[in-house]
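This report describes the overall fold of a protein chain and then turns to the surroundings of its ligand. The sequence and the structure are shown below.

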Amino acid sequence: MEKLVSSWFNNKTLPQSYIFPPETRPGNHIIPRSNAIPVIDLGNASAHDRTLVVQQILKASQEFGFFQVINHGVSEDLMNDTMNVFKEFFELPAEDKADLYSEEFNRPCKLYTSSANYDGDKVHLWRDSLRHPCHPLEECIKIWPQKPTRYREIVAAYSIEAKKLGSRILDLICEGLGLDLGYFGDKLSESVVVSVNHYPPCPDPSLTLGIAKHCDPSLLTILLQGDVFGLQVLNDGKWIGVEPLHNAFVVNIGHQLEVVSNNRLKGAEHRVVTNSMVTRTTAAIFLNPSQDCIVEPAKSLIRADESPAYRAFKFKEFLYNYVTMGGNSEKSLEPFKLHG
Ligand code: OGA
Ligand code: NI
């Protein structure tokens, strides 16, 4: 518990173990917030503009691996309640959170700090995190935090809505890629995990990171970013800041979609910078394949003049390698790549 950044960050200088090497630290170079990442209006998706929305999503997923969605059907009240209950969780007194704190890799519902492997970190990350599965709800809700009192009720409603939204976006991507309807339903997106990130104000944001450069191991990620800036996406070798937009979700392509689409879609690398003024709280919902699900490039996407870029693998095989490689993007997919 005492390792949590939120337990000790006040009135301290940045400890050496949080200082990134010069090549990977953000430095003093200002990355402007940017509206380069496309904002897609899903309100259009049910009407005659569906084709346009499909094209916008495909284009954004090819160029950036990232987009934001508005008019997505999740109510503003539910988004606010969810963000508030996550913030309230981190504000609870230490004794109310102590049972959830764990450094055990496989504990399904846990509060931890930095990465899943604190002792193995080269450099620690300036964040605490609460992570747990959300599906099937009846089963996993029993292990969720019991405080704040409305946590289970709100997060249950939220995770159902987020999964629905994710499935809807996956259907649009499916249509855009020309895959059979429902390709991503069932096993490929069966597992739903929430990861709530809590980044306290940092004494020197130029030297450290909330999350280091990575690409999500998921199929698709739906992020509730809140209203504090911090997320940056790597595009053509440059970092782009993702503007916090009220009532929008940030959506990004994970490694599994990169594989299924045979690299038509891009799983973009991103990172989180800290700030010295305010706490930032975000919640990522990862739509993942089930552990034993076979992931492979969709056969119908491989043209006659093309070969699959990856071999088939079980999602758990991928995850094991991802964790072993410390989330390094290149190395995470390397053992599954087919050359030539
Ligand atoms: C993540 C992530 C971004 C953020 O949890 O994988 O990239 O802004 N989060 O917290
Ligand atoms: Ni991420």
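A compact globule of 340 residues would have a radius of gyration near 20 Å, and the chain agrees with this because its own value is 19 Å. The model is predicted. The C-alpha trace spans about 60 × 45 × 40 Å along its principal axes. Nine helices and 15 strands make up the secondary structure elements of the chain.

Of the 340 residues, 52% count as buried. The accessible surface of the chain comes to about 15,600 Å², and carbon and sulfur atoms account for 51% of that area. Among contacts between residues at least 6 apart in sequence, 76% join residues at least 24 apart.

The second topic is the ligand site. Ligand 1 is surrounded by 13 residues, of which Tyr199, His214, His270, Arg280 and Thr282 come nearest. By class, this shell holds seven nonpolar, four polar and two charged residues. The following table lists polar side-chain contacts with the ligand.

| Residue | Partner | Distance |
|---|---|---|
| Histidine 214 | oxygen atom of ligand 1 | 3.1 Å |
| Histidine 270 | oxygen atom of ligand 1 | 3.0 Å |
| Threonine 282 | oxygen atom of ligand 1 | 2.7 Å |

Taken alone, ligand 1 exposes 290 Å², and the protein buries 95% of that area. The elements that contribute two or more residues to the shell are strand 6 (191-199), strand 7 (211-214), strand 12 (270-272) and strand 13 (280-288). Strand 13 gives the most, with four residues.

Notes. Residues are numbered from 1 along each chain as its sequence is written. Chains are lettered from A and ligands numbered from 1 in the order in which they are written. This is a predicted model: local features need pLDDT of at least 70, side-chain atom pairs count only at pLDDT 80 or more; totals for chains, interfaces and linings use all residues. Side-chain values use heavy atoms; hydrogens and water are left out. A residue is near a molecule or strand if one of its heavy atoms lies within 4 Å of it. A polar contact is a pair of N or O atoms within 3.5 Å; within protein, one must be able to donate a hydrogen and the other to accept it, and residues adjacent in sequence count only if both atoms are side-chain atoms. Accessible areas come from the Shrake-Rupley method with a 1.4 Å probe; for residues, only the protein chains shown count as cover. Ala, Val, Leu, Ile, Met, Phe, Trp, Tyr, Cys and Pro count as nonpolar, Asp, Glu, Lys and Arg as charged, and the others, Gly among them, as polar. The radius of gyration is taken over C-alpha atoms; the globule rule is 2.2 Å times the number of residues to the power 0.38. Buried means under 20% relative accessible area, exposed over 50%, partly exposed in between (1.4 Å probe, protein chains only). Contact means heavy atoms within 4.5 Å.
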